[in-house]
Every structure is written in structure tokens, then in C-alpha cells.
Amino acid sequence: MTNDQAVTVRESTLPATDPATGILHRPYLWVTIGSCALVFLGAFESLAVTTIMPIVSRELEGAALYALAFAGPLATGVIGMVAAGNWSDRRGPSVPLYASVALFVVGLLIAGTASTMPALVTGRLVQGLGGGAMTVALYVVVARVYPALLHPKIFAAFAAAWVIPSLVGPFAAGIVAQVLSWHWVFLGVVGLVIPALVMIVPVLRGMAPDPRAASRRQLEANETKPAATPPWAVGRMAWAALAALAVLGLNLSAEVRLSGIPAAGAVLAVAAVVVALLAVRPLVPKGTLTARRGLPSVILTRGLASAAFFGAEVYLPYLLIEQYSFSATFAGLTLTGGALAWAGGSAIQGRLGTRLAHSVAVRIGSVLVLAAIVLALATTALNWSAAVAIAGWIFAGGGMGLLYPRLSVMTLALSSKDNEGFNSSAMSISDSLGGALALATTGIVFTAFTTTAESFAGVFALAAVVAVATVAVAPRVSAPHLASASRRTD
């Protein structure tokens, strides 16, 4: 659906009810709890892994694969997102959600039982494939289940699902790694995923698994002509696989450079970035890479914000452990402050509703992320107290809390039922691929310097450049008709 087309506000697949009853009232209660629980577990795993990875890297002698352990899952997640989006458009989100949760669990099991860094990275790749697909499937569930008026509230709830993990996740992960083993940080999540999925099952069963069947019923009722079932997007899946391979190749370029062939490493790195950008073009709306106003810039802003934020965040605990001699337990508390601020910012934007315009929320959020990364850079380069970077990261979390839910709302507002899977996957692809490319590039930058202080400064400088680009693109997320769409979706 292009930006000059009318925005369609879709009906919920659940029985008609007053949206004022909220997402925690019937008939939305259990699907809200189950969906938020899956988001919660993904958040816990993300924060926990970021906390323990310095320990894992040291124990498994895998410093060279440190960045890949983060970038790899984001890269394979792109494949899962495309597959889940296409699958959801064809058959509805039920089966894609079941399959994605299964892959997520398998990845956790592989990583949790790994005895070498390559084995752990393999588990992370499988986990990313399932996690990416799960994200898109959940977004389509939101589009099919909740009326548009409740979209800002459910997305705010998703962000708020990070609150408890941010409070206990990093600290608990550090304790588990020190007292038991880092293996249990992965394995402990497995037993919680299935109950979360079970809560959503009743709603998933109520969704028509075959859009063609629904179309036939529609035709029998003498309504409009049934829509054709979208075909399998084999080409898009191939492009997604190519984009993932390009990200992995970008990580490999650092290995080539360190092996004594710097020129070959540089050529491989440039080629990987070019291939990734070419591969992502069919996976996102036209005009995304050129920041066309409206939906394309919404998708691009999501990717740039992800790249800036996560490109810096994964190195903050590493910085505190290596440069400031923090324990893994307390280094993880840095993430707690940022995640709490993320949830707080999300709650604020949800409460303000239409009083805070979408474009304004995105612009404010992008500026806050930039300010936090600049403080982290200054802390490293000028040898300031660690408290500056820790406190500054609260601004980054608050900024992401403001802009992420609004970008999600705008994406669904600019989608119709026949392309909500594509647009949801495009947003998630931009999110993941932006983070993956940033992490792969920061991995190259980190190994390019001779001292640890210079390496961290280089990483935060690169993240700051991406944050500047986010600030520049953010004003372009608004479209001429988006204001009316906002009034109908807030």
C-alpha cells in the first residue's frame, strides 16, 4: 500500500467490543498476557545474553566471534521475518507463530549446551531465525485481533514487557553465570516459552487458517469478490538469505583482515555492505533506502535507530568490565536503567496519545538516543567516570521508548489486510538488519585499533554517526494523510 492511498482501519477478528475496555479486558485478556509474555522472554534473553557474553567469550576463547554472536541472530532473523510475513499473508499468523516458537526453543537448547564458541553462535543463528519470525507473527496477530484504537496500547504493553527483564534480567543473568553456569541463562528460558504460547492458542484457533476459505464464505454471502491468496515469495526469501549471508560475510572480513590480509578484508567488507543493501531493497517498501516521505522513512528510521542503539548497547557492559573492572552482575545494571527508561518512555507516549504527534515523538526519541551515545563516547575518550555513560544510557532508553511504539503504530496504520504481513516484516527486517550491520561493522572497528580505549571510542563514534543519520531522517516519517490516520489509531 503506497503512501498516497487511503488508510484502512481494520476490524478485529474477535467479537465486537468497546475498545475503551482496554487490552486487559475480555476478549483480549489472555492474548495480551500471552503475547506480552513472549515479548518478555525475548527481552529477558536479549538483556541476559548481552550481560554474560563477555564471560562466555572469555571461557570459550571466542573474542573473534563476539560481534557475530549478536549480529548473526539479527541476520538470520531477516530470513525468519520474510518467511513469517509471507506465510501470515497466505494462511494467517497461527502456524507461523507455532513454528517460530519451536525454532526459538531449539536455538536456546543448542546455545545452552554449547561447549565451543562456534557451537554457541550456531545456536544463536537458529534462535535468531525463530525470534525474527515470532516478532512478525505477533505483529500480524495484533493487526488481526485488536481494533486500531487499541494498537498504541498493545504496543506500549509490548514495550512495558521489558520492565521486569530490565529489573532482574541483567542482574539475574550475572548471578546465574557466576553461581551456576552461563549455560543456564539459555536453558532456563526454554521452560517458560511454551506456557506463554498456550495462552494465545484459543485466539489463534479462532483465526481462519486459510484466507481462501474466508474468501469463499465472503463470496457465498454475496459480498465483494474474494481476494487471491498471495503466492509464496520465494524470490524475497532468497533476497533475505543473501542479506543474511552478506552480514555474516561482513563479520568474516574482520577475520580476513586479522589473518594478515588487510586489503582483502577491506574489499570483502565493502562488498558485503553493498550486497546487503541491494538484497534488502525487495524486502522493504519502495523508496526506503532513499528516505521517501511516509512509510519508507518510517521503515528506514526504525533500522537506523536500531543500528545506533544496539550498536552501542552491546559494548557498554563490555566497557564496564574491561575498562572499569565491573563484575558481570553490576555491568548488566547499565542495561536495566536503559530498559526501564524505554518502558517509561513507551508508557508516556501511550498515555499522551494524539496530544503527542507521531512525528514529534520520533524526532524527540532520536535526539535522546544521539545524546546518550555522545555521552558514552565522551566517557570513553576522556576517561570520565563510568557513571556518566550509565546515567546517559537512560536517555537512550527513553528515546527508544518514545519512537519505537509510534513507528509500529504508523506501520500498521499505513497497511491494509493484504500487506500487513509484508509491512510488518519490512519494519522488523529494517530493525534487525540495521542492528546486524551496525554490530558487524562495530566488530571490525573494535579490532582495528591497538588499545582497548581506542577500540571502544571507535565503536561509540560509529554509533554516533548512525544516530545523527536517524535524527536527519526522523522528520520525514510524516505523510500528508498520516495525521488523520493517527486520529483513528490513537
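Helices and strands are runs of residues assigned by DSSP, with at least four residues for a helix and at least two for a strand, and they are numbered from the N terminus. On this basis the protein, examined here as a predicted model, has 19 helices and zero strands. The protein has 490 residues, of which 58% count as buried. Contacts between residues at least 6 apart in sequence were also examined, and 83% of them join residues at least 24 apart.

The packing of two helices was examined in detail. Two packed helices are described by the angle between their axes and the distance between the axes. Helix α1 covers residues 29-59 and helix α12 covers residues 316-323; their axes lie 8 Å apart and form an angle of about 55°. Angles from 65 to 115 degrees count as roughly perpendicular and those under 35 degrees as roughly parallel; α1 and α12 are therefore oblique to each other. Their crossing is right-handed. On the α1 side the contact is made by T50, P54 and R58, and on the α12 side by P317, Y318, I321 and E322. By character, these residues divide into four nonpolar, one polar and two charged. The spacing of such positions can be read against the geometry of a helix. An α-helix has 3.6 residues a turn, so residues three or four places apart point the same way.

Helix α12 is largely enclosed by the rest of the structure, because six of its eight residues are buried. The buried residues are L316, P317, Y318, L319, L320 and I321. E322, in contrast, is partly exposed, with a relative accessible area of 38%.

Charged pairs were considered next. Side chains of opposite charge can pair when their charged atoms come close. The structure holds two salt bridges. In one of them, E322 pairs with R58, and the closest N and O atoms are 3.6 Å apart. This pair links distant parts of the chain, since E322 belongs to helix α12 and R58 to helix α1, 264 residues apart. E322 and R58 also appear among the residues through which α1 and α12 meet. R58 has a relative accessibility of 54% and therefore counts as exposed.

The other salt bridge joins R302 to D431, with the closest N and O atoms 3.1 Å apart. R302 lies in helix α11 (residues 295-313) and D431 in helix α17 (residues 420-448), so this bridge ties together parts that are 129 residues apart in sequence. R302 counts as buried, at 5% relative accessibility. D431 is buried as well, with a relative accessible area of 14%.

Backbone angles were then inspected in the loops. Most residues other than glycine have a negative phi, and most peptide bonds are trans. A291 is not a glycine, yet its phi is positive, at about 60°. This residue lies in the loop between α10 (262-280) and α11. With a relative accessibility of 10%, A291 counts as buried. S325 likewise has a positive phi, near 60°, and is a residue other than glycine. S325 follows just after α12, in the loop between α12 and α13 (328-331). Its surroundings leave S325 exposed, with a relative accessible area of 64%.

Two further residues illustrate contacts made within helices of the model. T51 is placed in helix α1 and is buried, with a relative accessible area of 1%. Leaving aside residues up to four places away in sequence, T51 touches P170, A173, G174, A328, G332 and L335. The C-alpha atom of T51 is separated by 9.1 Å from that of F330, although T51 and F330 are 279 residues apart along the chain.

S359 lies in helix α15 (residues 358-382). At 14% relative accessibility, S359 counts as buried. With residues up to four places away in sequence again left out, S359 touches V477 and S478.

How values were computed. Residues are numbered from 1 along each chain as its sequence is written. This is a predicted model: local features need pLDDT of at least 70, side-chain atom pairs count only at pLDDT 80 or more; totals for chains, interfaces and linings use all residues. Side-chain values use heavy atoms; hydrogens and water are left out. Axes are lines fitted to C-alpha atoms, for helices over the stretch in contact, and angles run from 0 to 180 degrees between N-to-C directions. Angles under 35 degrees count as roughly parallel, over 145 as roughly antiparallel, 65 to 115 as roughly perpendicular and the rest as oblique. A crossing is left-handed if the near helix is turned anticlockwise from the far one by less than a right angle, and right-handed if clockwise. Contact means heavy atoms within 4.5 Å. Ala, Val, Leu, Ile, Met, Phe, Trp, Tyr, Cys and Pro count as nonpolar, Asp, Glu, Lys and Arg as charged, and the others, Gly among them, as polar. A salt bridge is a side-chain nitrogen of Lys or Arg within 4 Å of a carboxyl oxygen of Asp or Glu. Buried means under 20% relative accessible area, exposed over 50%, partly exposed in between (1.4 Å probe, protein chains only).
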